[in-house]
Amino acid sequence: MTTRRVSILGATGSVGKSTLDLIERDPERFEVVALTAASNVAALADAALRTNAKLAVISDPALLPELERRLIKSSCRAATGKEALSEAAAGDADWVMAAIVGCAGLEPVMAAIEAGRTVALANKESLVTAGALMTEAASRSGATILPVDSEHNAICQCLADNSLGDVSRLVLTASGGPFRTKSRDEMAAMTPEQAVAHPNWTMGAKISVDSATMMNKGLELIEAHHLFGLPSDRIEILVHPQSVIHSMVEYIDGSVLAQLGSPDMRIPIAHALAWPERMDTPAQRLDFAGIGSLTFESPDYERFPALRSARGALEAGGAAPIILNAANEVAVAAFLARKIGFLDIVRTVEDTVTRTNAVAPRSIAEVIDIDREARALANHLMREMAA
Ligand code: NAD
Ligand code: MG
């Protein structure tokens, strides 16, 4: 077995830490090239020292001196800035974990794709905003995109060597989030603490709020479209509160293949880390008799209008998914900062999408422009809402 040279973008986050955990359990198999973080300098330096990383990149430039100080006795180089982030993404590693949250991850992900790397993609917002540009760049450079999002990783495993032409539909499962059984009136009063308390998964704050609004499943619908090339009407969303089946593929002959496992992100991450082989993980094994039964429900588009907005954005195409994602990012941040209520998140997204009319981007620079304008409009609409 050859050593895999890996870099982790967003090494201090939930997915980044799970990736480090797996790598550190199997040090013979992996060599860490670069690690990056937004501002958690202590956790970044600590991980770089533990793994003998060659490069550590901190996005906040004010924290560079502290990173340098913490790494002074090691051979790890400390850096900051856009170029350093691109170097971490497209440098010496052959496998790159894209685990930055939000559209902020887009440029480094593109750098890794253009350099022809194997990209383990957790950062769904990059596919939502620039899916077509990313998949085109990957076919030009020969890069491989391995989905890490548990649903898309499940679909990837269920597709195996089968032809996409034999697939009749994809079934994306959703836990329904912490407010699955709540009424709209009850949701209106929900706090950030209640929204981030996911029943099955432990994740970063943004994706946890997205799970509560079900925008997460909406973003995943768009993500699935870009990864597997199927249109909206062949990607179904199914609520499955136990989160045991992570998604399914139905074939033209009526066979349905599903991937199952405990809700532990180390399972899909390990699939991508060892791909095309397999590796051991400490994830809990399923006890089927203990679980007893698996249940399913249709999603409620009235209580969870985010699903409708996201499906609408996918079907509208063009810049709509970028605007949807940008408005959602700023609205989730405002909700977490207690500036708007829970139901205002999707209200802001809907208002921003209906008031914007941008054409499909032809480049990443255009994606970033559309994203910036949509954020400004969403912020303006939230201020109006509060007045
Ligand atoms: P997180 O908030 O826990 O971690 C985010 C990481 O990105 C951190 O290392 C942070 O330092 C870095 N980061 C944040 N903003 C940045 C910026 N502006 N510039 C550079 N770096 C920045 O998030 P997470 O839950 O690990 O999620 C990461 C991505 O993976 C998201 O796109 C999420 O949707 C996706 N994902 C996460 C899970 C999960 O279980 N956590 C599951 C599926 C998909
Ligand atoms: Mg998911």
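## Close-up views of ligand 1 and the magnesium ion

**View 1. Backbone contacts to ligand 1.** In this predicted model, a polar backbone atom of Ser-14 sits 2.9 Å from an oxygen atom of ligand 1, a polar contact (a pair of N or O atoms within 3.5 Å). The protein covers 84% of the 820 Å² of accessible area (Shrake-Rupley method, 1.4 Å probe) that ligand 1 has on its own. Look also for Gly-13, with a backbone N or O atom 3.1 Å from an oxygen atom of ligand 1, and for Gly-10, where the corresponding distance is 3.3 Å.

**View 2. The shell around ligand 1.** Here 22 residues surround ligand 1 (each with a heavy atom within 4 Å). Thr-12, Ser-14, Ala-38, Glu-125 and Gly-204 come nearest. By type, the shell holds 12 nonpolar, seven polar and three charged residues, with Gly counted as polar. Helices α1 (14–25) and α6 (124–141) each supply at least two of the shell residues; helices are DSSP runs (H or I) of at least four residues.

**View 3. The magnesium ion.** Asp-149 (OD), Glu-151 (OE) and Glu-220 (OE) are the protein donors of the magnesium ion (ligand 2), at 2.1 to 2.2 Å; donors are N, O and S atoms within 2.8 Å of the metal (3.2 Å for Na, K and Ca). Their sequence spacing is D-x1-E-x68-E. Both Asp-149 and Glu-151 are buried (under 20% relative accessible area, 1.4 Å probe, protein chains only).

**Reading the views.** Residues are numbered from 1 along each chain as its sequence is written, chains are lettered from A and ligands numbered from 1 in the order in which they are written. Local features need pLDDT of at least 70, side-chain atom pairs count only at pLDDT 80 or more, totals for chains, interfaces and linings use all residues, and side-chain values use heavy atoms, leaving out hydrogens and water.

Technical notes: Buried means under 20% relative accessible area, exposed over 50%, partly exposed in between (1.4 Å probe, protein chains only). A polar contact is a pair of N or O atoms within 3.5 Å; within protein, one must be able to donate a hydrogen and the other to accept it, and residues adjacent in sequence count only if both atoms are side-chain atoms.
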